[in-house]
Amino acid sequence: MQELRNKYISAIADAADEATLEDVRLAAVGKKGEVSLKMRELGKMNPEERQIAGPALNALKNEINSALVARKVSLADAALEDRLRNEWLDVTLPSRRRGQGSIHPVSQVTEEVTAIFADMGFAVAEGPQVDSDWYNFDALNIPDHHPARAEMDTFYMYRSESDNQPPHVLRTHTSPVQLRSMEKMGAPLRIICPGGVYRADYDQTHTPMFHQVEGLAVDKDISMANLKWALEEFVKAFFEVDEVELRFRASHFPFTEPSAEVDIRCSWAGGQLKVGEGDDWLEILGSGMVHPKVLKAGGIDPNEWQGFAFGMGIDRIAMLKYGIPDLRAFFDSDLRWLHHYGFGSLDQPSLQGGLSR
Ligand code: PHE
């Protein structure tokens, strides 16, 4: 019995891992283990022998079992120690930031404008950025050799001589989408169209690509009053002010009659723009009543329907609202600029939740 004890207690102490320990357990106290077999022999003993051997074997079995448990615990502790040593992590290292992208001011303002006009029942329409000369000019009452073509610094697309397609341009404004929407949807209709437009121009407030949003409402009795109301509602909501004064200045666009450029009252006191107060005026858009020729080109009978339209620079109103001094920086993809002027990707502008927060 002493021999058995020495053998297994030292085997347990020597077991270097749980698998070896399990082998030792089976060899000692498993069903066919040495100690178990010895216990079976108790039955063949005479009562005197059994009285001595029985308790001694039980004590041995208990001692081996507790040694097994103790060894198991210390092996597990050692394994944990080992993992902790190996899976070492320096939590003081600077983290690698996730989701560091941000929403570009142009996207943010596009969403804001969309939310405001959606509330007034305007759907979002889109058109191609490479468009035919007809959609960009002719259909908008800007015939060939009209001075407006030269004024727009148009980018013409190259086409080979053998190509019989009409000339194409990079659209110089979003107004061609007026025509496409009229063709597609007919009257009545209420759309806005945000998107990229192109003109060969480059300085602090001009880039060859920029963004506009077009608005168009066609119905039976649309008047300048509706245009005025819609724009006033828009400006108040967009600049997040309660009152704002608009100035409609008579102007000229070939595709509207009458036409008006719209200024808003503002102050530049201390170099900071405040909308709705002060003695300055800031031009923000062109607008007017859709010219009958344009309605006709869009397949809508001008004797039955009329409409208003406007076109506004998205980048320009983004600069004004968020105090961004140089338009060119919008398109430099400078990460520092994007971090500074960008918006959180989870902050969706909405009229209920707040536009810019
Ligand atoms: N398309 C004009 C521009 O780019 C703006 C405009 C749109 C004016 C609709 C009147 C009506 O300057």
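In this predicted model, a polar side-chain atom of Arg-199 lies 2.9 Å from an oxygen atom of the ligand. On its own the ligand would expose 330 Å², and the protein buries 91% of that. Two further side chains approach the ligand through an N or O atom, that of His-173 at 3.0 Å from a ligand nitrogen and that of Ser-175 at 2.9 Å from a ligand nitrogen. The table sets these contacts side by side.

| Residue | Ligand atom | Distance |
|---|---|---|
| Arg-199 | oxygen | 2.9 Å |
| His-173 | nitrogen | 3.0 Å |
| Ser-175 | nitrogen | 2.9 Å |

These three residues belong to a shell of 14 around the ligand, in which His-173, Ser-175, Arg-199, Gln-212 and Gly-311 come nearest. When the shell is sorted by class, eight of its residues are polar, four are nonpolar and two are charged. Strand β10 supplies the largest share of this shell, namely three residues.

The model also contains a second largest pocket, which holds about 230 Å³ of space. Its lining is made up of 14 residues, and those lying nearest the centre of the pocket are Arg-190, Ala-217, Ile-222, Asn-226 and Phe-308. Two or more lining residues come from each of β4 (189-198), β5 (209-219) and α9 (224-239). By class, the lining of this pocket has 10 nonpolar residues, three charged residues and one polar residue, whereas the shell around the ligand has four nonpolar, two charged and eight polar residues.

How values were computed
Residues numbered from 1 in each chain as written. Predicted model: local features only at pLDDT ≥ 70, side-chain atom pairs only at ≥ 80, totals over all residues. Heavy atoms only, no water. 1 Å grid on protein atoms, 1.4 Å probe; cavity = no way out; pocket = protein on both sides within 12 Å on 5 of 7 lines; lining within 4 Å. Points joined across faces, edges and corners; volume = space filled by probe spheres on them. Helix = DSSP H or I, 4+ residues; strand = E, 2+ residues; numbered from the N terminus. Nonpolar A, V, L, I, M, F, W, Y, C, P; charged D, E, K, R; others polar. Near = heavy atom within 4 Å. Polar contact = N/O pair within 3.5 Å; in protein donor to acceptor, adjacent residues only side chain to side chain. Areas by Shrake-Rupley, 256 points an atom, 1.4 Å probe, with all protein chains shown as cover.
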